[in-house]
Amino acid sequence: MHQPSRPISPIGSQSTYHTFAQLSDPHLSSLRGVRAADLLNKRALGYLSWRQRRRFEHRRDILDALQRDLHGTELVQLLVTGDLTHVGLPQEFEQARAWLQQLGEPDRVAVVPGNHDASVRAPWESTFARWRQYMAGDGAAGENSLASIYPSVRVRGDIAFIGLSTACPKPPFMATGTVGAAQLARLPALLECSAAQGLFRVVYLHHCPLPGLEPWRKRLTDAPRVQAVLQAHGAELVLHGHGHRTHCHELDTVHGVAPVIAVPSASAVGNRGNDCAGYNRYRVRRSDTGWLLEVMPRLYRREGQTVVPGATQKISLRR
Ligand SMILES: [Fe+2]
């Protein structure tokens, strides 16, 4: 278990804002030229979905526009909340690794996997091993499974970023995810330890941890248990993707209310019930009564092919 520990050089003082960002579900890889032999399983369904629909819905030029908008923003961390690929082929993992390298160094960019990334059981070395440094928590080295990496913890200034994996192969037509007993057993101590150090706890995962908000075939199967742990041990902010829609809910925890926020896909045109692409920036600083959190959406606009600011939401979290 990776216990959070303060970095040697904390970023900023008590009144300093820490800025971080979240983008999700880029589905950035291309399946052009894929071999039929690679699709003799659930991936065949994913491939058909990509051929018929997803390659028109997810566009690299939109993702590039968001990346340009991110460029130059001082971030203590950029969170990528899963579904970088379509069907989790090794060549897609390689494409995604090249993209991650464009985003930044592994200590600045943190990834949790999505259901598309774990479409079928696949050899570690040709898939997730290529993202290992981007998934690992502080001080982690040599992990060779998602089970040994997550929950991952990275501490940056006053913030503890706690990543959960929900990615595991599921039957055809299912886009569900599961955190699982092992991660749930480790999570309480990480939340408590971070709270004891006075850190702002950001929990991030691919699937929605609140039961009943996603269609049954897209749900987090153990959402009730994940929600119960978060309520019992507290968090300041919970972030996820998966639904390709923006929404914000509140979770009552033992330490006070925690916003639960979803961002749209970072590459979506915005058809078929998906929101048009965007990502969120967040700013956090201590206040007299707890924390001040600002949520600053950055929204892609098809007209002009540009990224514009959405309405900033200022949230005071009493702690
Ligand atoms: Fe997903």
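## A tour from Gly88 outward

Begin by selecting Gly88, which sits in the loop between strand 2 (77-80) and helix 3 (90-103); helices (H or I, at least four residues) and strands (E, at least two) are DSSP runs, numbered from the N terminus. Before going further, note that this is a predicted model, in which local features need pLDDT of at least 70, side-chain atom pairs count only at pLDDT 80 or more, and totals for chains, interfaces and linings use all residues. Residues are numbered from 1 along each chain as its sequence is written.

**The loop around Gly88**

Gly88 counts as buried because it has 28 C-beta neighbours inside 10 Å; a residue is buried if 20 or more other C-beta atoms lie within 10 Å of its own, exposed if 12 or fewer, and partly exposed in between, with C-beta atoms placed from the backbone. Next, add His116, which is 28 residues from Gly88 in sequence, while the two C-alpha atoms are 6.1 Å apart in space. Setting aside neighbours within four places in sequence, Gly88 is in contact with His116, Asp117, Ala118, Ser119, Val120, Ala122 and Thr127, where contact requires that the C-beta atoms of two residues, placed from the backbone, lie within 7 Å.

One of these partners, Ser119, belongs to the loop between strand 3 (109-111) and helix 4 (132-135), and with 25 C-beta neighbours inside 10 Å Ser119 counts as buried. From Ser119, a distance line drawn to Glu105, 14 residues away along the chain, spans 27 Å between C-alpha atoms.

**The six-stranded sheet**

Now display the open sheet of six strands, whose order is 4-5-6-7-9-8 with mixed pairing; two strands pair if DSSP finds at least two bridges between them. Strand 4 and strand 8 (247-253) stand at the edges with a single partner strand each, so one side of each has no neighbour in the sheet. Neighbouring strands here are turned against each other by 20° on average, direction ignored; axes are lines fitted to C-alpha atoms, for helices over the stretch in contact, and angles run from 0 to 180 degrees between N-to-C directions.

Within the sheet, select strand 6 and strand 7 (residues 237-240), which run parallel and are joined by three bridges, with Val203 bridged to Val238 in strand 7. Val203 touches Ile162, Leu164, Leu230, Ala235 and Val238, not counting residues up to four places away in sequence. Val203 is also among the residues with the most contacts inside the largest nonpolar core, alongside Leu66, Val111 and Val202, and that core has 74 residues; a nonpolar core is a set of buried Ala, Val, Leu, Ile, Met, Phe, Trp, Tyr and Cys residues joined through C-beta atoms within 7 Å.

**Two helices across the sheet**

Select helix 6, which lies across strand 4, strand 5 and strand 6 and runs at about 155° to strand 6. Its buried residues are Gln183, Leu187, Leu190, Leu191, Ser194 and Ala195, and they pack against strand 4 (152-156), strand 5 (159-163), strand 6 (200-204) and helix 7 (223-233). At Leu187, helix 6 bends by about 30°, and Pro188 follows within four residues; the bend is the angle between axes fitted to the seven residues ending there and the seven starting there. Just past the end of helix 6, Gly198 takes a positive phi of about 75°.

Then move to helix 7, which lies across strand 6, strand 7, strand 8 and strand 9 (256-262), running at about 55° to strand 8.

**Antiparallel strands**

Turn to strand 1 (residues 18-23) and strand 10 (residues 278-287), which pair in the antiparallel sense over five bridges, Ala21 being bridged to Arg281 in strand 10. Strand 10 is joined in turn to strand 11 (residues 290-301) by ten bridges, again antiparallel, and a hairpin through two residues connects them. From strand 11, four bridges lead to strand 12 (residues 306-309), also antiparallel; in this hairpin, with four residues between the strands, Gly304 takes a positive phi near 90°.

**Backbone stops**

Finally, visit three loop residues. Pro151, in the loop between helix 5 (146-149) and strand 4, follows a cis peptide bond from Tyr150, with omega near 0°. His27, in the loop between strand 1 and helix 1 (43-57), has a positive phi near 40° although not a glycine. His244, in the loop between strand 7 and strand 8, likewise has a positive phi, of about 60°, and is buried, with 25 other C-beta atoms within 10 Å.
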